[in-house]
Amino acid sequence: MNETPPEVEIVDTYLRLCEERSLDDASRYLAPGAKLTFPGGVVFGDLPAMVADAAMRYQFVHKHRTEFIVGNRVSDGARICISTGTLDGNTLWGTEFEGVRYLDMFAIVDGLIHEQYVWNDLGEAGVAPVLPQRRAAQ
C-alpha cells in the first residue's frame with residue numbers, strides 16, 4: 001500500500017484552504033517571502049493580493065485535483081509537488097464554466113511552500129481577462 005507523500009498533503013490542504021478563503025490557515029503553509037507566480041508572470045508575495053487579483057478574473061473557481069507528482073528539483077534539491085486537474089466556476093459576468101485545465105507546481109523546503117507556479121487555460125477559454133486587460137485593471 002502506497003503512503004501519501006507529505007508534499008501532497010501540504011499542497012492539497014493549502015489549495016483547499018485557499019479555495020475556502022481560509023487565508024490565515026493557508027498562509028501557515030507558506031514560507032516567509034514565498035513567491036506565488038500566476039499566468040502572465042504576475043507575482044504575489046501574499047494570499048490577500050492573490051485573492052484581490054482573482055476577483056478581477058472570475059467570481060469563483062473550484063479545482064478538481066486529479067493527479068499529484070512529487071520529486072526533487074535538480075538545481076537545488078527542493079521537493080517539488082505538481083498538482084494537475086481541471087477548474088470550474090463562474091466568470092465575472094456570471095457564466096458557469098467547467099473543465100478548464102490547470103497545473104500548479106510547488107517548491108517545498110522544510111515542510112513549507114517557498115514557490116508556487118500556476119498555469120491554466122482560463123484566458124484561452126475566454127473565462128478570464130488575458131494579461132493586457134489584467135494589467136490595465138490593476
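**Exercise 1. In this predicted model, does Glu 7 count as buried or exposed, and which residue forms a salt bridge with Glu 7?**

Step 1. Start with accessibility. Glu 7 has a relative accessibility of 10%. The cut-off for buried is under 20%, so Glu 7 counts as buried.

Step 2. Look for the partner. Glu 7 forms a salt bridge with Arg 79, and their closest N and O atoms are 2.9 Å apart.

Step 3. Place both residues in the chain. Glu 7 sits in helix α1 and Arg 79 in strand β4 (residues 79–91), so the pair links distant parts of the chain, 72 residues apart.

Step 4. Check the other end. Arg 79 is partly exposed, with a relative accessible area of 29%.

**Exercise 2. Which residues do salt bridges that share partners join into one network with Arg 73?**

Step 1. Recall the principle: side chains of opposite charge can pair when their charged atoms come close.

Step 2. Take one partner of Arg 73. The side chains of Arg 73 and Asp 76 meet in a salt bridge, at 2.9 Å from N to O.

Step 3. Take another partner. Glu 115 also forms a salt bridge with Arg 73, with the closest N and O atoms 2.9 Å apart. This pair links distant parts of the chain: Glu 115 is in strand β6, while Arg 73 is in the loop between β3 (58–72) and β4, 42 residues apart.

Step 4. Put the bridges together. Through shared partners, Arg 73, Asp 76 and Glu 115 become one network. Glu 115 is buried, with a relative accessible area of 17%. For the wider picture, the count of salt bridges comes to eight.

**Exercise 3. How many aromatic pairs does a search of the whole structure find, and what is the geometry of the pair formed by Tyr 14 and Phe 106?**

Step 1. The search finds three aromatic pairs.

Step 2. For Tyr 14 and Phe 106, the centres are 5.8 Å apart and the planes make an angle of 85°. Planes over 60 degrees apart count as edge-to-face, and the pair is therefore edge-to-face.

Step 3. Now find the two rings in the fold. Tyr 14 lies in helix α1 and Phe 106 in strand β5, so the pair ties together parts that are 92 residues apart in sequence. Both residues are buried.

Step 4. Try the reasoning again on Phe 38 and Phe 44. Their centres are 5.5 Å apart with 70° between the planes, which is edge-to-face too. Phe 38 and Phe 44 are both buried.

**Exercise 4. Which residues of α1 are buried, and what phi does Arg 21 take just after the helix?**

Step 1. Begin with the helix itself. α1 has 14 residues and reaches 20 Å from its first C-alpha to its last, close to the expected 20 Å.

Step 2. List the buried residues: Glu 7, Val 8, Ile 10, Val 11, Thr 13, Tyr 14, Leu 15, Leu 17 and Cys 18. When you look at the spacing, remember that an α-helix has 3.6 residues a turn, so residues three or four places apart point the same way.

Step 3. Step past the helix. Arg 21 lies in the loop between α1 (6–19) and α2 (23–27). Its phi is positive, about 60°, although Arg 21 is not a glycine. Arg 21 is partly exposed, with a relative accessible area of 39%.

How values were computed:
Residues numbered from 1 in each chain as written. Predicted model: local features only at pLDDT ≥ 70, side-chain atom pairs only at ≥ 80, totals over all residues. Heavy atoms only, no water. Helix = DSSP H or I, 4+ residues; strand = E, 2+ residues; numbered from the N terminus. Buried < 20%, exposed > 50% of the residue type's maximum accessible area, 1.4 Å probe, protein only. Salt bridge = Lys/Arg side-chain N within 4 Å of Asp/Glu carboxyl O. Phe/Tyr/Trp six-rings, centres within 6.5 Å; stacked < 30°, edge-to-face > 60°. Expected span 1.5 Å × (residues − 1).
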